[in-house]
Amino acid sequence: MPFKLLKGACVSDAQKTAFAFSGSLDATFDKVWQLFARGVADRHASERHPTLATVGVDGTAQMRTVVLRAVDREASMLEFHTDLKSMKVSEIEAEPSCSMHVWNPKSKLQMRLRATAEILKGEAVDHIWARVPEGSRRAYGGSPLPGTPLKQPEEFESGFERERFAVVRLSLQSIETLCLAPEQHYRAVFKREDNWSGQWLAP
């Protein structure tokens, strides 16, 4: 794709290098998975805390921040952990279709994911629970249940309950990207049904 300078843009050599991926479908797809992997490995990475959107039990759109815990490019899969009693579990069980949004400020890359979610629990996640740090286990349990109205915050008593630990596995169906590169904006979509080949879109 030819280099096309946006009106008023002045691009340095360093910026050209940083955004070199943006004009190639293959390089953009590789970049997405590199960033996902970084989100799992680096607790300071922006990809570590994506926004998950589900359909609420009342039919309204619901969003919340989750913590990316595992990625598998070959399987087109992402995972995060949750309390089995959280509302997102009920929402996913009622409607598995969901979306996720990720923004990388350094690469000026927006990633919008469409996925089908699955709840894993019980013995199926024993090996994952074994790797959860002791301090983090307190996020899965406590009384009363998540979302229960309280008169005072102190009414909630934390404490982990192994049976309430669950893993949400997202099977990706599409990945749409928008890169706000200084010389030109690039938008693309990659679909599982097209074997992730990629298609440019008007930004």
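**Figure 1. Fourteen residues line the largest pocket of this predicted model.** The largest pocket has a lining of 14 residues. Five of them lie nearest its centre: Arg 69, His 81, Ile 128, Arg 131 and Val 132. Three elements each give two or more residues to this lining. They are strand 3 (68-72), strand 4 (77-83) and helix 4 (126-129). The volume of the largest pocket is about 340 Å³.

**Figure 2. The lining of the largest pocket, sorted by class.** Which classes of residue make up this lining? Six residues are charged. Five are nonpolar, and three are polar.

**Figure 3. One cavity turns up in the whole structure.** The search counts cavities of 30 Å³ or more, and it finds one. The largest cavity has a volume of about 30 Å³. Its lining includes Ser 22, Thr 28 and Leu 109. Thr 177, Leu 178 and Cys 179 also belong to the lining. So do Tyr 186, Ala 188 and Trp 200.

**Figure 4. Two strands at the wall of the largest cavity.** Strand 7 (165-180) supplies at least two residues of the lining, and so does strand 8 (185-191). Which element gives the largest share? Strand 7 does, with three residues. By class, the lining of the largest cavity holds six nonpolar and three polar residues. No charged residue is part of this lining.

**Figure 5. Ser 22, a loop residue at the largest cavity.** Ser 22 sits in the loop between helix 1 (13-18) and helix 2 (25-41). Is Ser 22 buried or exposed? Its relative accessibility is 2%. Buried means under 20%, so Ser 22 counts as buried. Leaving out residues up to four places away in sequence, Ser 22 touches Thr 28, Cys 179, Ala 181, Glu 183, Tyr 186 and Trp 200. Among these partners, Thr 28, Cys 179, Tyr 186 and Trp 200 also line the largest cavity, as Ser 22 does.

**Figure 6. Two buried cysteines in a structure with zero disulfides.** A disulfide is a covalent bond between the sulfur atoms of two cysteines. How many disulfides does the structure hold? The count is zero. Cys 98 has 5% relative accessibility, so this residue counts as buried. Cys 179 has 2% relative accessibility, so Cys 179 counts as buried too. Cys 179 also appears in the lining of the largest cavity, and Ser 22 touches Cys 179.

Key: Residues are numbered from 1 along each chain as its sequence is written. This is a predicted model: local features need pLDDT of at least 70, side-chain atom pairs count only at pLDDT 80 or more; totals for chains, interfaces and linings use all residues. Side-chain values use heavy atoms; hydrogens and water are left out. On a 1 Å grid over the protein atoms alone, a cavity is a set of points where a 1.4 Å probe fits but cannot get out, and a pocket is an open set with protein on both sides within 12 Å along at least five of seven lines; lining residues have an atom within 4 Å of a point. Grid points are joined across faces, edges and corners, and a volume is the space filled by probe spheres set on the points. Helices (H or I, at least four residues) and strands (E, at least two) are DSSP runs, numbered from the N terminus. Ala, Val, Leu, Ile, Met, Phe, Trp, Tyr, Cys and Pro count as nonpolar, Asp, Glu, Lys and Arg as charged, and the others, Gly among them, as polar. A disulfide is a pair of cysteine sulfur atoms within 2.5 Å. Buried means under 20% relative accessible area, exposed over 50%, partly exposed in between (1.4 Å probe, protein chains only). Contact means heavy atoms within 4.5 Å.
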